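This report introduces a protein structure to a reader who has not met it before. Please keep the sequence and the model in view while reading.

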Amino acid sequence: MRNDDYYMELNESIVLMDKRTEGPGDARFHFHEDYEIFLFLEGDVDLYIEQSVHHMQRGHLAVFNDREIHRACHYGKIPFHRIAIHFHPRLVHGMCTPATNLLGCFQRFLKFSACILSSHNFKTIFRFCQCLLEPCDSLIHRILCRAFQNCYFTSIRTSLDQIFATQYT
């Protein structure tokens, strides 16, 4: 699915954005009441996270918890295209086990703020994001969609857990 600006609230706990911005822009530093998964697709952008800055490239992934201040500075040479997933941590907390902390990459003991994904990991995360962004048009389809969207979201979180377990611990 390719939209210039797509926003969908799955339920009270997950909000998805597929956003494309033309022209330069400089967002103010901000933080959210939820956690954010930020997948960078295109643009000439510096991403500021707390005290660090990252010049973004296709395949960069950033995660933010509810206390991390961040902003994106878009220089406007190339459209800024990104997918963002905002979710309340209580949604994931129930899926954690003593052996698997699916919120670990959002907690800074891993010393992580942004990374470039391997081609395989990028394709996996991007495919799950595209599935999450598929519209639900009929009532039966919406019921099935919600079940599948929860599965796709869980797949994204599980993929992130595997990525961070192998690369950042």
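## Glu42 and its partners

Glu42 counts as partly exposed, because its relative accessibility is 28%. The model described here is a predicted one. The side chain of Glu42 meets that of Arg20 in a salt bridge, with 2.9 Å from N to O. This pair links distant parts of the chain, since Arg20 belongs to strand E2 and Glu42 to strand E4, 22 residues apart. Arg20, unlike a residue on the open surface, is buried, as its relative accessible area is 14%.

A further residue joins this group. His81 has its place in strand E9, and its side chain makes a polar contact of 3.2 Å with the side chain of Arg20. The C-alpha atoms of His81 and Glu42 are separated by 5.0 Å, although the two residues are 39 residues apart along the chain. With a relative accessibility of 7%, under the 20% limit, His81 counts as buried.

## Salt bridges

How many salt bridges does the structure hold? There are four. The table gives three of them, including the pair already described.

| Residue pair | Closest N to O separation |
|---|---|
| Arg20 and Glu42 | 2.9 Å |
| Asp44 and Lys77 | 3.4 Å |
| Arg67 and Asp66 | 2.9 Å |

The salt bridge between Asp44 and Lys77 has an N to O separation of 3.4 Å. Asp44 sits in the loop between E4 and strand E5 (45-49), and Lys77 in the loop between E8 and E9, so this pair ties together parts that are 33 residues apart in sequence. Are these two partners buried or exposed? Asp44 counts as buried, because its relative accessibility is 13%. Lys77 counts as exposed, because its relative accessibility is 69%.

In the bridge between Arg67 and Asp66, Arg67 counts as exposed at 60% relative accessibility. Asp66, at 24%, counts as partly exposed.

## Overall architecture

The protein chain has three helices and 10 strands. Starting at the N terminus, its elements follow the order β-β-β-β-β-β-β-β-β-α-β-α-α. The chain comprises 169 residues, of which 47% count as buried. Among contacts between residues at least 6 apart in sequence, 74% join residues that are at least 24 apart. About 9,000 Å² of the protein chain is exposed, and carbon and sulfur atoms supply 55% of that area.

## The nonpolar interior

Which residues have the most contacts inside the largest nonpolar core? They are Ile37, Leu39, Ile85, Phe87 and Ile156, in a core of 30 residues. At least two residues of this core come from each of strand E2 (14-21), strand E4 (35-42), E7, E9, helix H2 (119-132) and helix H3 (139-167). Another core lies apart from it and has 11 residues, among them Phe40, Leu47, Phe80 and Ala114.

Leu39 illustrates the surroundings of a residue in the largest core. Not counting residues up to four places away in sequence, Leu39 touches His60, Leu61, Arg82, Ile83, Leu117, Phe122, Ile125, Phe126 and Cys129.

## His86 in strand E9

Strand E9 (residues 80-87) also contains His86. Is His86 buried or exposed? His86 is buried, because its relative accessible area is 8%, and buried means under 20%. The side chain of His86 makes a polar contact of 3.4 Å with the side chain of Asp34. Leaving aside neighbours within four places in sequence, the residues in contact with His86 are Ser13, Ile14, Val15, Met17, His32, Asp34, Tyr35 and Glu36. Asp34 is thus both a polar partner of His86 and one of the residues in its contact list.

## A nonpolar patch on the surface

Nonpolar side chains are also found on the surface, where Phe29, Phe31 and Ile69 form a patch. Together, these three residues have about 290 Å² of accessible area. Ile69 lies in the loop between strand E7 (60-64) and strand E8 (70-74). Ile69 counts as partly exposed, because its relative accessibility is 32%.

Key. Residues numbered from 1 in each chain as written. Predicted model: local features only at pLDDT ≥ 70, side-chain atom pairs only at ≥ 80, totals over all residues. Heavy atoms only, no water. Patch = residues over 30% accessible without salt bridge, like charges linked within 9 Å, V, L, I, M, F, W, Y side chains within 5 Å. Areas by Shrake-Rupley, 256 points an atom, 1.4 Å probe, with all protein chains shown as cover. Helix = DSSP H or I, 4+ residues; strand = E, 2+ residues; numbered from the N terminus. Buried < 20%, exposed > 50% of the residue type's maximum accessible area, 1.4 Å probe, protein only. Polar contact = N/O pair within 3.5 Å; in protein donor to acceptor, adjacent residues only side chain to side chain. Contact = heavy atoms within 4.5 Å. Core = buried A, V, L, I, M, F, W, Y, C linked by side-chain atoms within 4.5 Å.
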